[in-house]
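Got your viewer open? Let's take a short walk through this one, one selection at a time.

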Amino acid sequence: MRVTTHAWRTQHVATRLYRVDTTTSTQHEARRLIEAGDADGALIVAATQTSGRGRFARAWHSPRGNLYVSIVIRPTLPPSESQQYNMLTALAMSDVIRAASQLAAQLKWPNDVLIHERKVAGILSEIVDDYLLIGIGVNVNATLPESLPHATSLRAEAGHLISLDELLKVFVERVDKYYAQLLDGVRFTQAWSERLVTLGKSVRVQMGDDVIEGIVENVDESGALLVRRGDGALVVCRAGEVTLTRA
């Protein structure tokens, strides 16, 4: 994996581009850069992954034709506001998908991007030493197997091929723009929550061994989901797996 040229101008993120054809995962490559002391400003892009994964160590189907990237940054916000990085990344990807496909992209708490209620992109964040690794997988042009009925791709939804290079360029430039706003004191909770398909819906939230069922009323400033149970109690869900259910 070597640093290579890129077609965008950014000041805060993705200032150096590393491309690799095949890897276990871009998150793994990011960890290698951290160990080598060469991670500042890194963006890692892979053509395919052999062990791509999402949240809860789930496998992420990673054939050629899609976008697999990891952004490496050094967080400056306190832990209580760390979700802002995920929020701005999700907003940026939602913006780019709307521009590329002319279709409305919605967000599903906490880190999924949907089109027509099917998953088109996912975000995985990990802390390694002093770095935040933000991995993004986007189903762009590859044909998805029938075993993934709840997923979709930009090509399937838009009806035409999408340029991976252009999608990547616009995405990193939008992330950089939002990151600059973050450094200037802007917070993205409101904008992010306005795109959440989860708000107002009946849900089941799996948090470890606990299951919370109720109606999503809102999110708090940290991005936690506020779920009103049938008994009237308001439960703060800071992490978990959400399933939309029938009211």
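A nonpolar core, as used here, is a set of buried Ala, Val, Leu, Ile, Met, Phe, Trp, Tyr and Cys residues joined through side-chain atoms within 4.5 Å. Keep in mind that you're looking at a predicted model.

Start with the largest of these cores, which has 57 residues. Select L43, I71, I136, L154, F171, W192 and L225: these have the most contacts inside the core. Helix 2 gives the most to this core, with nine residues. There is also a second, separate core of eleven residues, with L33, V72, V128 and L133 among them. In soluble globular proteins, nonpolar side chains tend to be buried together.

Now zoom in on L225. Leaving out residues up to four places away in sequence, L225 touches W109, T198, V205, V216, N218, V219, V235, V236, C237 and V242.

Next, select residues 83-101, which make up helix 2. Is this helix enclosed or open? Because 16 of its 19 residues are buried, helix 2 is largely enclosed by the rest of the structure. Try a distance check too: at 1.5 Å a residue, helix 2 should span 27 Å, and its end C-alpha atoms are indeed 27 Å apart. Step just past helix 2 to Q102, which takes a positive phi of about 60°.

Last stop: E157, in helix 3 (residues 154-158). Buried or exposed? E157 counts as buried, because its relative accessibility is 18% and the cut-off for buried is under 20%. Show its surroundings and, setting aside residues up to four places away in sequence, you'll find E157 touching L103, I115, H116, R118 and T152.

Note on methods:
Residues are numbered from 1 along each chain as its sequence is written. This is a predicted model: local features need pLDDT of at least 70, side-chain atom pairs count only at pLDDT 80 or more; totals for chains, interfaces and linings use all residues. Side-chain values use heavy atoms; hydrogens and water are left out. Helices (H or I, at least four residues) and strands (E, at least two) are DSSP runs, numbered from the N terminus. The expected span of a helix is 1.5 Å times one less than its number of residues. Buried means under 20% relative accessible area, exposed over 50%, partly exposed in between (1.4 Å probe, protein chains only). Contact means heavy atoms within 4.5 Å.
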